[in-house]
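Me: I am new to this structure and would like a close look at a single part of it, taken slowly and with its surroundings explained. Please begin with one pairing between two strands and work outwards from there.

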Amino acid sequence: MSDCIAGTNAVGIGSRPDPAEFIRANMRIAAVPAIPEIRLYTAHPGSGLRRLVEWNQHATEEDGPEPEPPYWAYIWAGGAVLARYIFDRPETVAGRRVLDLGAGSGLVGIAAAKAGASAVIAAEIDRNGVVALGLNAAANGVAIATIGEDITSGPPPPVDVVVVGDLFYAHDLAGRVVPFLDRCLAAGIEVLVGDPGRTGLPLSRLRLLAEYQVPDFGDAKGETRPSGVFSFEPKDCCHRLKTKSLG
Ligand SMILES: C[S@@+](CC[C@H](N)C(=O)[O-])C[C@H]1O[C@@H](n2cnc3c(N)ncnc32)[C@H](O)[C@@H]1O
């Protein structure tokens with residue numbers, strides 16, 4: 001990820017840029033490959049995102065943890081495939097309350113809002129990401145409420161559907177997300193996952209609904225990879241199905 005944040009602008013120690021001003025000035029708004037219905041602020045080689053993510057290299061503990069790479073600035077296959085699925089099957093979200101968990105740019109939540117969700121909440125831990133998401137939502141003419149903290153250790157908010165785009169990229173994160181999604185299922189919430197097969201993907205809990213070829217961040221221009229949209233299923237689902245078929 002380090003080369004993706006390399007820019008030509010110097011880091012101004014102690015002078016954190018205003019994230020909204022920075023994004024408007026240094027990123028380009030462009031249609032998303034495979035999702036032409038949505039335009040997002042997107043990073044390019046001259047964006048100099050380092051100035052946003054490393055502004056506090058001399059910060060104290062009170063300033064909070066080290067900033068994460070700016071995942072929100074890029075298009076991920078898992079989000080792209082889920083957004084495509086939502087546009088192709090708007091009934092998945094129409095009239096329903098949606099939580100976009102690990103929302104990043106907001107691609108999936110924006111797709112849900114445009115497809116007729118009655119309300120969309122986006123949960124994103126990166127504060128620059130929360131700002132980008134707000135700008136992206138506005139640029140696409142939709143309203144999205146944001147939660148700028150990790151909600152995976154608590155109860156799910158009152159929604160009907162949780163959409164999870166490309167959030168299984170690390171085992172420790174997957175280890176927190178899966179129990180949260182189990183609490184969602186227990187609360188009667190449907191859970192949809194979009195993913196190209198990242199390292200922490202809980203395959204034994206997933207049922208494939210659709211597959212698309214979509215571009216992924218870091219791939220060569222014009223390249224695509226197969227990525228799936230899955231339903232996250234209860235733990236004993238396969239056992240129950242087997243028992244049923246044994247009659
Ligand atoms: C690979 S990006 C995918 C973004 C978006 N869902 C998409 O598909 O375009 C993962 C995002 O999840 C965020 N994230 C990681 N852990 C999180 C957590 N516990 N709660 C909320 N967001 C989280 C990261 O900051 C990052 O923006």
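Reply: A good place to begin is Asp100, which stands opposite Val163 in strand 6. The model is a predicted one, and everything that follows should be read with that in mind.

Strand 6, residues 161-165, is joined to strand 3, residues 97-101, by four bridges, and the two strands run parallel. All five of the five residues of strand 6 are buried, so this strand is largely enclosed by the rest of the structure. Its side chains can be sorted by direction, since Val161, Val163 and Gly165 point one way, whereas Val162 and Val164 point the other way, and all of these are buried. Gly165 also has a place in the surroundings of the ligand, being one of the residues that come nearest among the 24 around it, together with Tyr71, Gly79, Gly102 and Gly104.

Strand 6 is also joined to strand 7, residues 190-195, by five bridges, again in a parallel arrangement. Within this pairing, the bridge partner of Val161 is Glu190 in strand 7. Between these two strands the chain passes through helix 6, residues 171-186, and the β-α-β crossover that results is right-handed.

Returning to strand 3, we can follow its pairing with strand 4, residues 119-123, where five bridges join the two strands and they run parallel. Here Arg97 stands opposite Ala119 in strand 4. Strand 4 is mostly covered, with four of its five residues buried. Strand 3 and strand 4 form a right-handed β-α-β unit with helix 4.

Helix 4, residues 107-114, deserves a pause of its own, for seven of its eight residues are buried, so the helix is largely enclosed by the rest of the structure. The buried residues in helix 4 are Leu107, Val108, Gly109, Ile110, Ala111, Ala112 and Ala113. Just after helix 4, Gly116 takes a positive phi of about 105°. Another residue in this stretch, Ala115, has its C-alpha atom 8.5 Å from that of Arg89, although the two are 26 residues apart along the chain. Arg89 itself is found in the loop between helix 3 and strand 3, and Arg89 counts as partly exposed because 14 other C-beta atoms lie within 10 Å.

From strand 4 the pairing continues to strand 5, residues 145-147, in the parallel sense over three bridges, and in strand 5 the bridge partner of Ala123 is Ile147. Strand 4, helix 5, which covers residues 127-139, and strand 5 make a right-handed β-α-β unit.

The ligand brings several of these pieces together. Helix 3, residues 77-88, and helix 4 each supply at least two residues of the shell around the ligand, and this shell draws at least three residues from each of domain 1 (2-72) and domain 2 (75-242). By type, the residues of the shell divide into 11 nonpolar, eight polar and five charged.

To set this part within the whole, the protein has seven helices and nine strands, and buried residues make up 40% of its 247 residues. Among contacts in the protein between residues at least 6 apart in sequence, 71% join residues at least 24 apart.

Methods. Residues are numbered from 1 along each chain as its sequence is written. This is a predicted model: local features need pLDDT of at least 70, side-chain atom pairs count only at pLDDT 80 or more; totals for chains, interfaces and linings use all residues. A residue is near a molecule or strand if its C-beta atom, placed from the backbone, lies within 6 Å of it. Ala, Val, Leu, Ile, Met, Phe, Trp, Tyr, Cys and Pro count as nonpolar, Asp, Glu, Lys and Arg as charged, and the others, Gly among them, as polar. Domain bounds come from an automatic or database domain assignment. A residue is buried if 20 or more other C-beta atoms lie within 10 Å of its own, exposed if 12 or fewer, and partly exposed in between; C-beta atoms are placed from the backbone. Two residues are in contact if their C-beta atoms, placed from the backbone, lie within 7 Å. Two strands pair if DSSP finds at least two bridges between them. A crossover is right-handed if, with the strands pointing away from the viewer, the path from the first strand over the helix to the second runs clockwise.
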